[in-house]
Amino acid sequence: MTDMIRRAAEDIAAAEYVVALTGAGISVESGIPPFRGKGGIWDRVDPMTFGHIDTFEESPEKVWRVLIRDLKTIIEQAEPNDGHRGLARLEAMGRLSTIITQNVDGLHQAAGNTDVIEFHGNCARQRCMDCGNRLANSAVDISALPPRCGCGGVLRPDWVFFGEAIPEDALRRSGQMAARCDMMLVVGTSAIVQPAAHMPIIAKENGATVIEINPERTPLTGHFSDYLIRGRAGAVMNGILAALEPLMAERSR
Ligand code: NAD
């Protein structure tokens with residue numbers, strides 16, 4: 001792994017325009033369980049059922065009780081980890097331009113990244129199904145479920161449920177960034193959920209180097225990614241930064 005980390009640091013130092021695509025895996029070390037793999041709420045909640053807009057529209061009370069309330073609580077208590085902080089440090093060093101994240105936890109912004117495309121929205125806000133008004137979680141009363149807007153409409157998370165379209169702006173900008181970058185870091189995603197999983201393919205087809213950071217192989221591995229650094233996001237990012245910082249200092253001399 002040390003050789004791969006060194007190689008990644010050299011590739012990042014040499015790149016002109018670096019973009020990251022992140023998934024639930026980067027937030028695992030912050031205590032938020034990913035969809036795939038054991039842990040917490042997903043052992044008793046099927047995300048494809050309870051995370052689907054049809055289920056929410058049929059029984060918002062049930063989806064709030066079974067899924068949203070717990071996930072919202074876990075996310076509200078979570079703090080950025082070394083993986084998030086590492087990406088924030090890359091931006092501060094001028095080595096990372098944009099993060100496209102599938103996560104709804106807001107932890108990249110909390111770590112300090114300033115250009116984060118929220119591909120699947122964010123769970124820190126709730127949106128009224130009737131009037132479209134958006135409310136911060138702190139302004140939402142969940143003592144009775146589902147919570148309601150002042151207009152009486154049902155409140156839903158401002159995220160993208162399965163069965164819904166990706167926000168147009170996020171999709172357009174992500175495609176542009178993927179086509180423009182010459183390096184894409186793909187961190188903690190199983191690369192199964194579409195169309196997010198297509199971003200590394202766009203990057204590769206436009207000549208970028210694609211590096212995966214993940215303890216497991218994904219459908220990108222050996223096909224669309226140049227190499228996989230097998231490990232947890234926090235430890236790998238720490239390793240990359242430790243190798244990158246002296247390289248960047250040398251370059252600025
Ligand atoms: P996923 O759950 O399908 O896959 C998680 C991936 O992370 C796996 O490939 C796993 O091997 C890897 N992983 C696990 N621990 C890791 C670690 N410590 N470091 C690096 N990688 C690690 O996640 P996905 O690909 O993002 O797709 C699932 C969907 O789930 C996304 O659309 C996302 O919106 C949603 N989701 C988000 C959150 C969150 O906001 N934190 C949490 C759960 C699910």
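Student: How far does helix 4 reach from its first C-alpha to its last?

Tutor: Keep in mind that we're looking at a predicted model. Helix 4 runs through residues 60–77, which makes 18 residues, and at 1.5 Å a residue you'd expect 26 Å. The model comes close to that, with a reach of 23 Å.

Student: At which residue does helix 4 bend?

Tutor: Follow the helix along and you'll find a bend of about 40°. One of the buried residues of helix 4 sits right there. The bend is at I68.

Student: What covers the buried residues of helix 4?

Tutor: Let's start with who is buried: P60, V63, W64, V66, L67, I68, L71, K72 and I75. Helix 4 lies across two strands, running at about 50° to one of them, strand 6. The cover includes helix 2 (47–50), helix 3 (53–58), strand 4 and strand 6.

Student: In what order do the 3 strands of the open sheet with antiparallel pairing come?

Tutor: Look at the edges to begin with: strand 5 (134–136) and strand 6 (155–159) each pair on one side only. Strand 4 (residues 121–128) pairs with strand 6 over 5 bridges, and there R127 stands opposite R156. The twist averages 45° from one strand to the next. The order is 5-4-6.

Student: Now the open sheet of 6 strands: which strands stand at its edges?

Tutor: This one has parallel pairing, in the order 3-2-1-7-8-9. Each edge strand has a single partner, so one side of it is left without a neighbour in the sheet. The two at the edges are strand 3 (116–118) and strand 9.

Student: How many bridges join strand 2 to strand 3?

Tutor: Strand 2 covers residues 98–101 and runs parallel to strand 3. One pair to spot is T101, standing opposite E118 in strand 3. The number of bridges is 3.

Student: Which element gives the most to the largest nonpolar core?

Tutor: That core has 30 residues, and L87, L90, L185, I229, I240 and L244 touch the most other members. Elements giving two or more residues include helix 1 (2–14), helix 5 (82–92) and helix 9 (233–252). With 9 residues, the top giver is helix 9.

Student: Leaving aside neighbours within four places in sequence, which residues are in contact with L90?

Tutor: L90 is among the core residues that touch the most other members. So are two of its contacts, L185 and L244. The full list is I12, R95, L96, L185, M237, L241 and L244.

How values were computed: Residues numbered from 1 in each chain as written. Predicted model: local features only at pLDDT ≥ 70, side-chain atom pairs only at ≥ 80, totals over all residues. Heavy atoms only, no water. Pairing = 2+ DSSP bridges. Helix = DSSP H or I, 4+ residues; strand = E, 2+ residues; numbered from the N terminus. Axes fitted to C-alpha atoms, helices over the stretch in contact; angles between N-to-C directions. Contact = heavy atoms within 4.5 Å. Expected span 1.5 Å × (residues − 1). Bend = angle between axes of the 7 residues up to and from the residue. Buried < 20%, exposed > 50% of the residue type's maximum accessible area, 1.4 Å probe, protein only. Core = buried A, V, L, I, M, F, W, Y, C linked by side-chain atoms within 4.5 Å.
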